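Biologist: Hi! Could you walk me through this structure while I have it open? I'd like to start with the charged side chains.

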Amino acid sequence: MAFSSLAFLFGFLPLTLLCYFLMPSRLRAGRNAVLLLFSLAFYCWGGVRLLPVLLASCVLNWAGALLAAPGRRRRRAAFAAALALNLGMLGYFKYTGFLLNNLNALGLDLSVPAIVLPAGISFFTFQAIAYLADVYRGAIPAERSLPRLTLFMAFFPQVLQGPILRYGDFAPALTDRRENSADAADGAVRFCFGLAKKVLLADALGQIADGAFAAGGRLTVGLAWLGAVAYTLQLYFDFSGYTDMALGLGRVFGFRLPENFNYPYISRSASEFWRRWHQTLSFWFRDYVYIPLGGNRCSKGRQVFNLLAVWLLTGLWHGAAWNFVLWGLYYAALLMGEKFLWGRALDRLPNPLRHLYALALITVGWVLFRAAGLGQVGEMLSAMFGLAPGGVWSGEAFYYLYQFRWELLAAIPAALPVKNWLQAKLAAGQARGSRSAAAALALGPKVLAFMLLGLSTVRLLSSTFRSFLYFQF
């Protein structure tokens with residue numbers, strides 16, 4: 001079930017809120033039970049036969065952490081076994097087909113089973129591994145309550161697309177959170193803004209990207225660049241929109257989930273981009289792969305190995321296809337180049353040139369990410385750099401520019417920290433005693449959120465449903 005579906009907005013969510021807030025706040029375990037039951041029901045919406053995979057992961061990691069906690073005998077073996085089972089489960093469901101297809105391409109004749117990928121498995125598996133590692137290192141105690149750990153793993157606002165949680169941050173709220181009307185209002189506002197990002201911007205921009213990537217022999221230089229830029233914006237509004245909705249829902253229920261985006265398209269380098277994009281994934285790889293491998297505190301050759309390992313895994317985490325491997329190695333090369341070769345020269349450039357440098361590289365990177373295979377990677381990149389079968393421009397490119405002109409124009413300020421700038425200006429006016437600034441700061445976001453909710457609902461009623469892009473991972 002997607003947050004942007006009518007079934008969620010006008011069925012599941014109101015029922016969840018009703019049952020949750022009818023439970024007295026003093027019965028914290030009761031409210032947790034309501035959230036757990038609705039989270040499992042939410043997960044089952046995509047197919048009840050996949051629920052046992054999530055539940056098995058919860059039981060495995062609950063028991064594994066108890067056995068791997070400091071003071072337990074043979075805890076290293078318990079940790080290694082639980083880690084292997086997590087990775088084995090992820091590998092079986094996500095990479096079996098990829099592996100067998102590649103072996104067949106080398107001349108073997110192996111049957112490839114039809115394996116259905118459980119929703120959110122990449123996200124809840126990484127949460128589980130982080131939990132196990134933190135318990136094993138003694139950073140947090142092992143959770144003795146299976147229902148509480150299951151709620152952490154299955155919490156419906158973030159189970160499908162993150163952000164990737166740490167149990168040490170989540171656990172205190174299970175017993176000591178305090179819901180209030182101010183937080184609920186702020187959460188609702190953020191949810192509405194996230195819904196608008198998805199429905200009003202991402203879905204429209206996705207039509208441009210789909211058209212460009214499917215153009216084939218009609219592809220022109222202009223259409224290729226338009227499609228690449230549209231996908232660059234679509235992916236951001238789709239994924240950050242989901243994250244806004246997840247954080248907003250968490251806030252309504254009294255949870256403070258971690259931020260996942262910080263205006264990544266204002267970056268001035270590839271390195272800065274990955275400090276701003278999908279932050280919880282970047283921090284996960286930093287803390288549980290890069291630093292344990294040695295991080296920066298080793299020889300230059302070892303640092304190169306560490307970066308290659310992290311980015312190869314990052315590419316494979318996103319998808320079982322060679323274009324994702326290429327995408328990961330592409331960023332490994334960029335980050336190593338900025339770290340060891342041209343980073344100092346880049347720092348001396350004027351900021352506008354650094355922004356253009358970063359945006360161009362990011363856009364090319366998303367072409368690798370979006371392409372259906374290596375053949376389409378070559379097709380799109382060749383067209384973008386002048387070797388387009390359809391020439392320089394076409395009526396199709398003009399059609400997309402005209403048809404989606406308002407979405408393209410709105411996407412630019414929406415991807416920039418305009419909101420932060422306005423809030424700072426209004427807060428400064430409020431500090432000077434301006435009543436109009438105080439009123440705008442208090443009511444402006446709520447009124448705008450209500451308007452966006454109405455527009456989003458109209459769009460949902462009048463258009464075909466489009467799932468979130470990161471559901472496939």
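Modeller: Happy to. By salt bridge I mean a side-chain nitrogen of Lys or Arg within 4 Å of a carboxyl oxygen of Asp or Glu. Please keep in mind that this is a predicted model.

Biologist: Got it. Which residues are linked in a network of salt bridges?

Modeller: Arg-28, Arg-31, Arg-177 and Glu-179 are linked that way.

Biologist: And how many salt bridges does the count come to?

Modeller: By that rule, the count is 22 salt bridges. In general, side chains of opposite charge can pair when their charged atoms come close.

Biologist: Let's try one pair. Which residue does Lys-198 form a salt bridge with?

Modeller: Its partner is Asp-203, and the closest N and O atoms of the two are 2.9 Å apart. Lys-198 has a relative accessibility of 1%, so it counts as buried. Asp-203 is buried as well, at 12%, since the cut-off for buried is under 20%.

Biologist: What about Arg-354, who does it pair with?

Modeller: Arg-354 forms a salt bridge with Asp-347, with 3.5 Å between the closest N and O atoms. Arg-354 is buried, at 11% relative accessibility, whereas Asp-347 is exposed, at 51%.

Biologist: Okay, and Arg-137?

Modeller: Arg-137 forms a salt bridge with Asp-134, where the closest N and O atoms are 2.9 Å apart. Asp-134 counts as buried because its relative accessibility is 8%.

Biologist: Changing topic to helices. How far apart are the end C-alpha atoms of H5?

Modeller: They are 22 Å apart. H5 covers residues 121–136, and at 1.5 Å a residue those 16 residues should span 22 Å, so the two values agree.

Biologist: How many residues of H5 are buried?

Modeller: 16 of the 16, so H5 is largely enclosed by the rest of the structure. Just after H5 comes Gly-138, which takes a positive phi of about 80°.

Biologist: Now Asn-61. Where is it found, and is it buried or exposed?

Modeller: Asn-61 is in helix H3, residues 51–68. Its relative accessible area is 0%, so it is buried.

Biologist: What does its side chain make a polar contact with?

Modeller: One polar contact is with the side chain of Asn-86, at 2.7 Å. The side chain of Asn-61 also reaches the backbone oxygen of Ser-57, at 2.6 Å.

Biologist: And which residues is Asn-61 in contact with, leaving aside its neighbours within four places in sequence?

Modeller: Those are Asn-86, Ala-128, Tyr-131, Leu-132, Leu-149 and Met-153.

Biologist: Cysteines next. How many disulfides does the structure hold?

Modeller: Zero. Cys-58, for one, is in no disulfide, and the nearest cysteine sulfur, that of Cys-44, is 12 Å away. Cys-58 is buried, with a relative accessibility of 1%, while Cys-298 counts as partly exposed, at 25%.

Biologist: Last one: what pLDDT does the chain average?

Modeller: The average is 94, and 100% of the residues score at least 70.

Biologist: Which elements have the lowest and the highest mean pLDDT?

Modeller: Helix H19, residues 418–431, has the lowest mean, 82, among the elements of the chain. Helix H6, residues 146–154, has the highest, 98.

Key
Residues are numbered from 1 along each chain as its sequence is written. Side-chain values use heavy atoms; hydrogens and water are left out. Helices (H or I, at least four residues) and strands (E, at least two) are DSSP runs, numbered from the N terminus. The expected span of a helix is 1.5 Å times one less than its number of residues. Buried means under 20% relative accessible area, exposed over 50%, partly exposed in between (1.4 Å probe, protein chains only). A polar contact is a pair of N or O atoms within 3.5 Å; within protein, one must be able to donate a hydrogen and the other to accept it, and residues adjacent in sequence count only if both atoms are side-chain atoms. Contact means heavy atoms within 4.5 Å. pLDDT is the predictor's confidence in each residue, from 0 to 100. A disulfide is a pair of cysteine sulfur atoms within 2.5 Å.
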